[in-house]
Amino acid sequence: KTTEVKAENGVEQIAIDSIKAFHNHPFHLYEGERLNDMVESIREHGVLNPVIVRKLGKGYEMLSGHNRANAAKLAGLETVPAVIKERLSDDEAEMYMIETNLRQRGFDDLKISEQAAVLAMRHSKMFSEEKSRAINEELQKLDGNEHSKSKLDITGEEYGMKKDSVARLLRVDKLIPELKPWVDSKQLAVRAAVEISYIPEEGQKLLYSIIKSPDNGMLIKLDIRKAKQLREAYKNVEKL
């Protein structure tokens, strides 16, 4: 049974176990020292900023606060303060998830595959500038700083990136999930990854199964020349 305790400011205490991770969450949870620091802080001060969730059946789906909830559970807490959003569309829920994660982490702190996912989502049709602005204003109020400058804008220039770099990251997002960690670890160069991204999903899966090592690393280094050859090979055949 979900425990809910209403608070005067509209924030409720809800059971951590009643919250599911966002269904399409492209961000990695904190690990190592960063996670340990968060756990210690929560043990000492509790969860200061509420998580944001949306109602989902009898439970909730996390929009913002995956790391806080994870750290709170490790700190021994059973509940977290939460702002509960109702009647959100899937697109609006995804916007909350992207905007809040970017506010907390900053674009430069993201892994390459995470940057690619963010840009792909923010360049999609569903990402309205008006809704984005409204969400950011709400988040600033929740942070207790209504006048803080948002880091976010849908253009590559806002991230300090050239057009070509944005285009490459949008292609990286087309890779199958198994290949993306190789880009993050720099085993697979971004430019080579762009070439591989044009290969159909079935071909990418075949490629992964052939060149992965027992520890899921790369048995064969795929430089841009080899990647271009593979892309070219797939152009003229139905199945390889």
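**Exercise 1. State which ring the charged end of Arg231 sits over, and find what else sits over that ring.**

Step 1. In this predicted model, the charged end of Arg231 lies over the ring of Tyr198, 3.7 Å from its centre. A charge sits over a ring if NZ of Lys or CZ of Arg is within 6 Å of the ring centre and within 35 degrees of the ring normal.

Step 2. The charged end of Arg171 also sits over the ring of Tyr198, 3.8 Å from the centre.

Ground rules for the rest: residues are numbered from 1 along each chain as its sequence is written, and side-chain values use heavy atoms, with hydrogens and water left out. The model is predicted, so local features need pLDDT of at least 70 and side-chain atom pairs count only at pLDDT 80 or more, while totals for chains, interfaces and linings use all residues.

**Exercise 2. Describe the aromatic pair of the structure and place its members.**

Step 1. The structure holds one aromatic pair. Trp182 and Tyr208 form this pair, with 5.3 Å between centres and 40° between planes, which makes it tilted. Rings of Phe, Tyr and Trp (its six-membered ring) pair if their centres lie within 6.5 Å; planes under 30 degrees apart count as stacked, over 60 as edge-to-face and the rest as tilted.

Step 2. Trp182 belongs to helix α7 (residues 180–184) and Tyr208 to helix α9 (residues 201–211), 26 residues apart, and the pair thus links distant parts of the chain. Helices (H or I, at least four residues) and strands (E, at least two) are DSSP runs, numbered from the N terminus.

Step 3. Trp182 and Tyr208 are both buried. Buried means under 20% relative accessible area, exposed over 50%, partly exposed in between (1.4 Å probe, protein chains only).

**Exercise 3. Explain why helix α4 counts as largely enclosed.**

Step 1. Helix α4 spans residues 112–122, and 10 of its 11 residues are buried, so the rest of the structure largely encloses it.

Step 2. Among these buried residues are the polar or charged Ser113, Glu114, Gln115 and Arg122.

Step 3. Ser113 is in contact with Lys180 (contact: heavy atoms within 4.5 Å). Lys180 lies in helix α7 and is itself buried, with a relative accessible area of 18%.

**Exercise 4. Identify the residues with the most contacts inside the largest nonpolar core, and the helices that supply it.**

Step 1. The largest nonpolar core has 39 residues, and Leu188 and Ile196 have the most contacts inside it. A nonpolar core is a set of buried Ala, Val, Leu, Ile, Met, Phe, Trp, Tyr and Cys residues joined through side-chain atoms within 4.5 Å.

Step 2. Helices that each supply at least two residues of this core include α3 (90–105), α4, α6 (163–172) and α10 (224–235).

Step 3. Leaving out residues up to four places away in sequence, Leu188 touches Trp182, Val183, Ala193, Met218 and Leu222.

Step 4. A second, separate core has 18 residues, including Ile14, Tyr30, Val51 and Val80.

**Exercise 5. Work out the surroundings of Ser213 in the loop between α9 and α10.**

Step 1. Ser213 is buried, with a relative accessible area of 11%.

Step 2. The side chains of Ser213 and Asp215 make a polar contact (2.3 Å). A polar contact is a pair of N or O atoms within 3.5 Å; within protein, one must be able to donate a hydrogen and the other to accept it, and residues adjacent in sequence count only if both atoms are side-chain atoms.

Step 3. A polar atom of the Ser213 side chain lies 2.8 Å from the backbone nitrogen of Gly217.
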